[in-house]
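Reader: Hey, I've just opened this one and I'm a bit lost. Can you walk me through it?

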Amino acid sequence: MSPTSLRSGHPLGSTVVTAHPTTPAVEVSGLVKRYGSTVAVNGLDLRMDRGSVLALLGPNGAGKTSTVELCEGFLRPDGGTVRVLGLDPIRDGAALRARIGVMPQGGGAYPGVRTEEMLRLVAACAANPLDPAWLLDVLGLSAARRTPYKRLSGGQQQRLSLACALVGRPELVFLDEPTAGLDPQARRLVWDLVQALRSDGVGVLLTTHLMDEAETLADQVVIVDHGRVVASGTPRELTSSGSAEQQLRFRARPGLDTKLLVDALPENCKVDEVGPGSYLVAGCIDPQVVSTVTSWCAQQGVLAEELRVARRSLEDVFLELTGRELRS
Amino acid sequence: MTESIPRAFPPGTFTPAPGRGKLGRMLLAQARTEAALALRNGEQVLLTLLIPLALLIGLTLLKIVPLSEPRVNAVTPRILALAVMSSAFTGQAIALGFDRRYGVLKRLAATAIPRWLLGAGRVLAALTIVAIQVIVLGVVAALLGWAPELSGVAWAVVLVLLGTIAFGALGVLLGGALRAEIVLAVANIVWFVLLLAGGIALPPSSLPGGLGAVVELLPSGALADALNTVLTRGGAPGWQPVLVLIIWAAAAGGIATRTTRLT
């Protein structure tokens with residue numbers, strides 16, 4: 001079936017989609033959520049434009065899922081305000097849920113339900129659903145359409161969950177770790193879908209801890225940690241924050257004394273051994289700096305391998321902001 | 001951000017067109033799915049149909065337990081009460097416990113289905129299963145020579161409805177609050193205890209000491225005795241069993257609305 005034939009004659013369904021086209025898709029301010037003595041969300045602010053892609057990036061336990069569930073109306077905030085499409089997710093929950101698509105973390109279906117049966121049930125809740133059979137085909141689930149949910153692989157369950165989020169033709173979708181547990185092909189498919197959604201005017205708020213995912217997909221990346229926003233901006237803004245800060249990386253023998261190199265370099269340059277034998281020079285990298293580094297290596301009697309100059313990656317920004325210790 | 005749009009999705013494929021589906025369609029879709037799942041699940045079928053059928057046939061044909069003749073007339077009303085308890089309470093509780101474990105309540109709550117409709121869909125599915133049980137057991141009982149008092153049949157329908165709601169509310173109360181494995185264990189133990197000592201297998205009046213009076217206040221004892229009364233003697237049941245079922249339904253339903261969790 002060709003996707004164009006899926007468009008129904010009632011594009012707006014039973015709700016008014018663009019009553020206030022200027023209100024943001026998501027607007028959160030001073031949001032607080034506590035579980036007992038644990039503060040999951042701690043004064044979080046967020047603003048997402050309609051039809052854009054926002055990636056919430058953060059380590060495990062940073063408060064990403066709580067933030068998403070507060071936006072979806074599954075959790076009641078302990079402080080602050082949430083507006084999604086101009087609606088209060090708790091007070092106007094019913095009206096809001098008819099307009100959004102949700103992919104909860106870890107999916108969700110009856111254990112014994114067949115793939116297609118589940119998607120048809122969710123489709124029955126929408127006024128103008130996409131064709132479930134077409135959607136299953138797109139997500140590579142056609143062969144598993146009669147397989148019970150509990151017998152699907154983790155990746156298949158994830159893809160069914162994504163199908164359930166999209167089938168109602170929402171104007172805004174929340175995808176909580178949409179690519180967790182997916183193989184590279186399926187991950188690429190999810191990326192393609194998110195880009196197609198964006199170009200059709202669907203807003204996407206997704207959570208991830210994959211830097212390349214955020215960097216590839218998002219118009220806006222919001223890095224959260226300990227329930228707060230620690231940085232936000234376009235991927236480009238985040239990776240070139242400050243000035244023309246760049247990096248020079250190289251590999252050499254571990255444990256070199258970098259003091260002489262630091263002395264020889266301009267003052268704004270920092271030198272670190274970020275891993276055994278893996279060196280990082282950060283600052284304004286110009287030909288002079290590269291030359292200083294190579295001649296220092298020569299003095300030390302070592303060969304600098306894999307020497308390269310790069311912008312900082314989102315991963316560097318992320319680790320810088322959220323630290324390097326492991327989270328549970 | 002790359003702008004390449006894959007060939008698989010021509011522009012406009014996902015153009016928003018949100019909105020809530022028709023209420024009746026949502027209700028039927030959910031109830032049909034849940035009823036089909038119950039009928040497809042081997043353990044559920046064993047509990048809701050095969051065990052009641054085996055007991056109906058066994059107790060009628062094998063003269064182990066002393067019963068008034070014709071035996072099938074004494075056995076059938078109690079087996080109908082057992083069937084209601086099996087599907088509405090034990091089956092419902094276990095299904096709900098595992099549905100929560102698999103996140104389906106959250107999944108459905110995230111759609112445009114209103115919360116009250118989620119409950120209504122479960123009730124409709126439970127009533128569908130009970131209707132199937134009553135028809136299958138009634139036909140088999142009739143083949144064994146069952147002749148119910150026709151003047152009590154309308155009352156029996158009312159009692160089965162009330163019993164389904166009371167046991168269903170208790171099932172949701174149990175299945176909506178605890179972990180799936182605990183729900184499984186508790187729901188089966190309660191089923192077994194109520195079958196033997198809750199007024200289903202044996203009439204409350206035959207139980208020793210003051211136990212009979214207590215058992216008459218349980219939903220199992222009230223439903224089994226009232227069904228026995230209307231189907232073997234005809235006419236209306238006493239007010240007590242009807243009131244007992246209503247109170248259990250209201251109390252369990254009231255608590256369940258506060259304690260039932262989505263996951």
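Author: Sure, one term before we start: accessible areas come from the Shrake-Rupley method with a 1.4 Å probe, and for residues only the protein chains shown count as cover. With that, chain A has an accessible surface of about 14,100 Å², and carbon and sulfur atoms hold 49% of that surface.

Reader: Is there anything I should know about how it was made and labelled?

Author: This is a predicted model, where local features need pLDDT of at least 70 and side-chain atom pairs count only at pLDDT 80 or more, while totals for chains, interfaces and linings use all residues. Residues are numbered from 1 along each chain as its sequence is written, chains are lettered from A and ligands numbered from 1 in the order in which they are written, and side-chain values use heavy atoms, with hydrogens and water left out.

Reader: ok, so what's the mean pLDDT of chain B?

Author: It's 92, with 97% of the residues of chain B at 70 or more. pLDDT is the predictor's confidence in each residue, from 0 to 100. Residues 1–7 of chain B fall below 50, and that stretch has 13 contacts in the model beyond near neighbours in sequence. A contact means heavy atoms within 4.5 Å. Where pLDDT is low, the predicted coordinates should not be read in detail.

Reader: Back to chain A then. How many helices and strands?

Author: Chain A has 11 helices and 13 strands. Those are DSSP runs numbered from the N terminus: helices are H or I with at least four residues, strands are E with at least two.

Reader: And helix 5 of chain A, is that enclosed or out in the open?

Author: Helix 5 of chain A is largely enclosed by the rest of the structure, because 11 of its 13 residues are buried. Buried means under 20% relative accessible area, exposed is over 50%, and partly exposed is in between (1.4 Å probe, protein chains only). The buried ones include A:Leu160, A:Cys164 and A:Leu166. They pack against several elements of chain A, among them strand 5 (100–103) and helix 6 (184–199), and also against helix 4 (104–109) of chain B.

Reader: Cool. What about B:Met85, buried or exposed?

Author: B:Met85 is buried, with a relative accessible area of 0%. It's in helix 3 (residues 71–101) of chain B. Leaving aside neighbours within four places in sequence, its contacts include B:Phe167, B:Trp191 and B:Ser220.

Reader: New topic: how many salt bridges over all chains?

Author: The search finds 17. A salt bridge here is a side-chain nitrogen of Lys or Arg within 4 Å of a carboxyl oxygen of Asp or Glu.

Reader: Which residue does B:Arg122 form a salt bridge with?

Author: One partner is B:Glu34, with the closest N and O atoms 3.4 Å apart. That pair links helix 5 and helix 1 of chain B, 88 residues apart. B:Arg122 also meets B:Asp99 in a salt bridge, at 2.7 Å from N to O. That one joins helix 3 and helix 5 of chain B, across 23 residues. B:Arg122 and B:Glu34 are both buried, and B:Asp99 is buried too.

Reader: What about B:Glu181, where does its partner sit?

Author: B:Glu181 forms a salt bridge with B:Arg101, with N and O 2.8 Å apart at the closest. B:Arg101 is in helix 3 and B:Glu181 in helix 7 (residues 180–197) of chain B, 80 residues apart. B:Glu181 is partly exposed at 37% relative accessible area, and B:Arg101 is partly exposed at 43%.
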